[in-house]
Amino acid sequence: MGSSLDKYACFEDQMNAMLDIIESKIDLFRPFCAKYYCEFSCAIYIRYDNEESTPWVHLTARYNRLIKELNIEFDVDLYCLPNKEN
């Protein structure tokens with residue numbers, strides 16, 4: 001499942017879009033999360049040597065409440081790529 005946002009949207013916007021989907025259908029998610037392993041699986045791609053700020057991942061109380069209720073794991077992979085100009 002993914003959000004309908006552009007892949008370049010910031011992490012916070014992506015996470016909020018996913019929470020909007022799950023919270024609006026939480027009664028449908030409960031039995032799946034009880035029966036199966038569920039995970040937020042995130043990939044963050046950054047380019048080094050291009051003067052961008054360091055990427056961040058901030059999980060809010062809203063997220064914490066949801067993962068506690070549904071027993072969802074969180075996984076993030078960080079990929080550092082060379083600048084396109086190199």
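Residue Y8 is exposed, with a relative accessible area of 67%. In this predicted model, Y8 belongs to the segment that precedes α1. Its C-alpha atom lies 10.0 Å from that of I44, although Y8 and I44 are 36 residues apart in sequence.

The secondary structure of the chain consists of three helices and two strands. Their order along the sequence is α-α-β-α-β. The radius of gyration of the chain is 15 Å, whereas a compact globule of 86 residues would have a value near 12 Å. Along the principal axes, the C-alpha atoms occupy a box of roughly 50 × 20 × 20 Å. Contacts between residues at least 6 apart in sequence were also examined, and 70% of these join residues at least 24 apart.

With respect to solvent exposure, 23% of the 86 residues count as buried. The chain exposes about 6700 Å², of which carbon and sulfur atoms supply 51%. Its charged side chains comprise 9 positive and 15 negative groups, and the centres of the two sets are separated by 8 Å.

In soluble globular proteins, nonpolar side chains tend to be buried together. The largest nonpolar core of the present chain contains 14 residues, and the members that touch the most other members are M15, L19, F40, L66, L70 and I72. At least two residues of this core are supplied by each of α1 (11-24), α2 (26-35), β1 (39-48) and α3 (61-70). The largest share, five residues, comes from α1. For I72, the contacts that remain after residues up to four places away in sequence are set aside are C33, C38, E39, F40 and I67. Two of the residues named for the core, F40 and I72, are therefore in contact with each other, where contact means heavy atoms within 4.5 Å.

One of the contacts of I72 is C38, a residue located in the loop between α2 and β1. C38 is buried, its relative accessible area being 17%; this value falls under the 20% limit that defines the buried class. When residues up to four places away in sequence are not counted, C38 touches F32, C33, N71, I72 and E73. The C-alpha atoms of C38 and L70 are separated by 8.5 Å, the two residues being 32 apart along the chain.

N71, which is among the contacts of C38, occupies the loop between α3 and β2 (73-82). The backbone of N71 has a positive phi of about 60°, although the residue is not a glycine. N71 is exposed, with a relative accessible area of 55%, whereas C38 is buried. The contact between C38 and N71 thus pairs a buried residue with an exposed one.

A further buried position was found in helix α1, at A17. The relative accessible area of A17 is 17%. Apart from neighbours within four places in sequence, A17 is in contact with S3 and L5. Between A17 and A43, which are 26 residues apart in sequence, the C-alpha to C-alpha distance is 16 Å.

Conventions
Residues are numbered from 1 along each chain as its sequence is written. This is a predicted model: local features need pLDDT of at least 70, side-chain atom pairs count only at pLDDT 80 or more; totals for chains, interfaces and linings use all residues. Side-chain values use heavy atoms; hydrogens and water are left out. Helices (H or I, at least four residues) and strands (E, at least two) are DSSP runs, numbered from the N terminus. The radius of gyration is taken over C-alpha atoms; the globule rule is 2.2 Å times the number of residues to the power 0.38. Buried means under 20% relative accessible area, exposed over 50%, partly exposed in between (1.4 Å probe, protein chains only). Accessible areas come from the Shrake-Rupley method with a 1.4 Å probe; for residues, only the protein chains shown count as cover. Lys and Arg count as positive and Asp and Glu as negative; His and the chain ends are not counted. The place of a charge is taken as NZ of Lys, CZ of Arg, CG of Asp or CD of Glu. A nonpolar core is a set of buried Ala, Val, Leu, Ile, Met, Phe, Trp, Tyr and Cys residues joined through side-chain atoms within 4.5 Å.
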